[in-house]
Amino acid sequence: MALPEVLKSNLRIPVVASPMFIISNPQLALAQCKAGIVGSFPALNARPEAQLDEWLAQMTEELASHNAANADLLAAPFAVNQIVHKSNKRLEHDLALCVKYKVPIVITSLGAVPEVNDAVHSYGGIVLHDVIHDRHARKAIEKGADGLIAVAAGAGGHAGTLSPFALVQEIREWFDGPLLLSGAIATGSAILAAQAMGADLAYVGSPFIATHEARAPEAYKQMVTEAKAADIIYTNLFTGIHGNYLRGSIAAAGMDPDNLPESDPSKMDFGNASAKAWKDIWGAGQGVGAVKEIVSTAELVNRLTEEFFDARLRLRDA
């Protein structure tokens with residue numbers, strides 16, 4: 001199946017920037033789009049909920065203005081992440097705004113709901129649903145999602161435990177639609193590797209924490225540049241769902257990263273989640289070892305682009 005136009009037009013490299021809770025905002029997403037990759041943010045990052053209207057207006061207007069002034073260097077489209085879990089009391093409100101502004105790409109998480117997909121399809125948008133298992137992938141497509149984000153081991157935030165090789169292979173046995181891969185992708189060669197194993201695009205998050213535009217404390221950004229894969233802790237303590245977090249932030253909060261208790265998944269609440277937990281405990285993926293300094297988003301995308309095409313040339317000449 002051919003990729004929908006929105007996932008290939010105006011992209012310098014095959015990358016969708018993942019929407020990071022707290023960190024991703026219009027400043028970061030706009031910089032990502034203008035640099036030539038799909039920029040994104042979670043709807044829940046706009047607080048209070050009325051702010052989402054302002055953010056979507058800003059995204060729409062600034063990208064239109066950029067494109068009018070740069071006909072030879074058009075911006076990539078943007079995406080908004082919707083948490084579909086029942087605890088998200090804002091979903092109906094936030095989805096209505098996505099329809100109002102005709103958000104090109106909606107990324108859904110923690111549940112597949114046909115009504116959400118139908119709403120996005122009503123104006124010509126597409127829905128990408130993130131999954132950690134093949135069975136989740138099948139349900140998402142059955143319920144109307146257009147594409148899938150395979151969240152493999154090592155991804156920042158809420159992540160799965162399966163090898164990317166296994167997860168992509170199982171999905172590709174029956175699904176030939178848009179497939180993105182997430183999990184420790186922090187270099188251009190890793191982006192190419194994602195395509196080589198069967199994904200269409202890479203889903204990249206953690207490197208963008210260490211950018212000037214990211215809405216993250218400077219200490220968080222610095223910790224990302226100093227961390228290695230071994231500094232990532234996988235736990236469900238903070239949200240009820242397993243995710244990857246920086247060891248240093250857990251220790252700074254007075255906890256032992258190697259002896260964390262289990263959380264009760266039934267108590268997770270994304271509509272009214274404690275902001276303090278997310279601000280003090282910092283998520284990141286196992287690809288942090290490739291992040292060496294805090295740079296602008298444009299500089300990061302330039303690095304990834306150069307590495308991606310260098311890797312292609314090396315393979316061609318091998």
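Leucine 167 is buried, with a relative accessibility of 0% (buried means under 20% relative accessible area, exposed over 50%, partly exposed in between, using a 1.4 Å probe and protein chains only). It sits in helix α6, residues 164–172 (helices are DSSP runs of H or I with at least four residues, strands are runs of E with at least two, and both are numbered from the N terminus). Bear in mind that this is a predicted model, where local features need pLDDT of at least 70, side-chain atom pairs count only at pLDDT 80 or more, and totals for chains, interfaces and linings use all residues. Residues are numbered from 1 along each chain as its sequence is written, and side-chain values use heavy atoms, with hydrogens and water left out.

**Around leucine 167**
- Setting aside residues up to four places away in sequence, leucine 167 touches Val131, Ile132, His133, Asp134, Ala150, Val151, Ala152 and Leu162 (contact means heavy atoms within 4.5 Å).
- Glycine 283 is 116 residues from leucine 167 in sequence, and their C-alpha atoms are 22 Å apart in space.

**The whole chain**
- The protein chain holds 11 helices and 11 strands.
- Its radius of gyration is 18 Å, which agrees with the value near 20 Å for a compact globule of 318 residues (the radius is taken over C-alpha atoms, and the globule rule is 2.2 Å times the number of residues to the power 0.38).
- Along the principal axes, the C-alpha atoms fill a box of roughly 50 × 50 × 40 Å.
- Buried residues make up 53% of the 318.
- Of the contacts with a separation of 6 or more, 65% are between residues 24 or more positions apart.
- About 13,500 Å² is exposed, and carbon and sulfur atoms supply 53% of that (areas come from the Shrake-Rupley method with a 1.4 Å probe; for residues, only the protein chains shown count as cover).
- On the charge side, there are 26 positive and 35 negative side chains, and the centres of the two sets lie 1 Å apart (Lys and Arg count as positive, Asp and Glu as negative, with His and the chain ends not counted; each charge is placed at NZ of Lys, CZ of Arg, CG of Asp or CD of Glu).

**Strands β4 and β5**
- Strand β5 covers residues 126–131, and 6 of the 6 are buried, so the rest of the structure largely encloses it.
- Ile126, Leu128 and Asp130 point one way from β5, while Val127, His129 and Val131 point the other way.
- β4 and β5 pair in the parallel sense over 4 bridges (two strands pair if DSSP finds at least two bridges between them).
- Isoleucine 107 has leucine 128 of β5 as its bridge partner.
- Leucine 128 is buried at 1% relative accessibility; beyond its neighbours within four places in sequence, its contacts include Leu7, Ile107, Gly147 and Leu180.
- Alanine 71 is 57 residues from leucine 128 along the chain, and their C-alpha atoms are separated by 28 Å.
- Serine 109 lies in β4, residues 105–109, and is buried with a relative accessible area of 6%.
- Among the residues that serine 109 touches, not counting those up to four places away, are Asn81, His85, His129 and Asp130.

**The open sheet**
- Three strands form an open antiparallel sheet in the order β7-β11-β10.
- Its edge strands are β7 (157–158) and β10 (232–235), each pairing on one side only.
- β10 pairs with β11 (residues 243–246) in the antiparallel sense over 4 bridges, and threonine 235 stands opposite glycine 243 in β11.
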